[in-house]
Amino acid sequence: MSTDQHEDGRAVPATDRDLPEEVRREVARLRDQLVVLHAELVRNGLVVWTGGNVSARVLGADLFLIKPSGLSYDDLDAASMVLCTLDGEAVDPAQQPSSDTGSHAYVYRHMPEVAGQVHTHSTYACAWAARAEEIPCVLTAMADEFGGPIPLGPFALIGGEDIGRGVVETLTGHRSKAVIMQNHGVFTIGKDAKAAVKAAVMCEDVARSVHIARQLGETVPIPQDAVDSLYDRYQNVYGQRPAAPSAPGAGADAGAGTTAEEASR
Ligand SMILES: [Zn+2]
């Protein structure tokens, strides 16, 4: 019976019971993290009703977790996140994952460095999507976070892998972790799910500022050498240095605390 409960006494979802102990632990950690991160989408005004989703790759297994289809944000809990294979199939066929699951799976298969993804229809990103325009790099915050413009991806129909293919084609070799998909919305990638959520929040912020700037006139591009310098500083120098180098995943107990600690910055 002990295999059916976590250390904290919570029940282990049926899909997780047969996983090796270490993977099961990681899945449990990611389930909790996805609840927090979906709430961040709401808190930052990036989603309405049941739209939008976050997914997280399960390191050490060919699996990822994603939001269930059609569930309201108030009803999301750790157990409701759907465990999927990298083919985009739910491990438990009775569970219905997000309609964007095939595209998330495609990105995970083709971009091994990506371990988190976000999709939203946030208002200002969608305004750029509706005009089929990339967001030009006209703010230092864009140079910092995205290293240049936020590119435009192709129009693609929802439901299969076409969106994922467009995300991979557009972002491979690009500094930006966000792509404006034409006539649709924004997709972001990250080294983990939290980084992808951060990119989604920052993307909407600059999409709004540049959109507003356009209302009263032309925007002024930042010279490429300045963009390069800003990007390098922000990516490599900015922020607090860790007290001691530690490998990702080292110390399983620290995992749950990371989110709260980093979120407070
Ligand atoms: Zn969408």
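Which residue follows α5, and is its phi positive or negative?

1. Start just past the helix. Gly-173 comes after α5. Its phi is positive, near 80°. Keep in mind that this is a predicted model.

2. Now the sheet. It is open and has 7 strands. Their order is β3-β2-β1-β4-β7-β6-β5. The pairing is mixed. The edges are β3, residues 82-85, and β5, residues 152-153. Each of these two strands pairs on one side only.

3. Look at one strand pair. Strand β1 covers residues 53-58, and strand β2 covers residues 63-66. The two run antiparallel, joined by 4 bridges. To find the pairing by eye, go to Ser-55: Ile-66 in β2 stands opposite.

4. Helix α1 spans residues 21-43 and packs on the sheet. The strands touched by α1 are β1, β2, β3 and β4 (116-120). The direction of α1 makes about 160° with that of β1.

5. Helix α5 spans residues 162-171 and packs on the sheet too. The strands touched by α5 are β5, β6 (178-181) and β7 (185-190). The direction of α5 makes about 130° with that of β6.

6. How many residues of α5 are buried? The count is 7 of its 10, and the helix is mostly covered. The buried residues are Ile-163, Gly-164, Gly-166, Val-167, Val-168, Thr-170 and Leu-171.

7. What covers these buried residues of α5? The cover includes the strands β5, β6 and β7. It also includes a helix, α2, at residues 101-110.

Methods:
Residues are numbered from 1 along each chain as its sequence is written. This is a predicted model: local features need pLDDT of at least 70, side-chain atom pairs count only at pLDDT 80 or more; totals for chains, interfaces and linings use all residues. Two strands pair if DSSP finds at least two bridges between them. Two residues are in contact if their C-beta atoms, placed from the backbone, lie within 7 Å. Axes are lines fitted to C-alpha atoms, for helices over the stretch in contact, and angles run from 0 to 180 degrees between N-to-C directions. A residue is buried if 20 or more other C-beta atoms lie within 10 Å of its own, exposed if 12 or fewer, and partly exposed in between; C-beta atoms are placed from the backbone.
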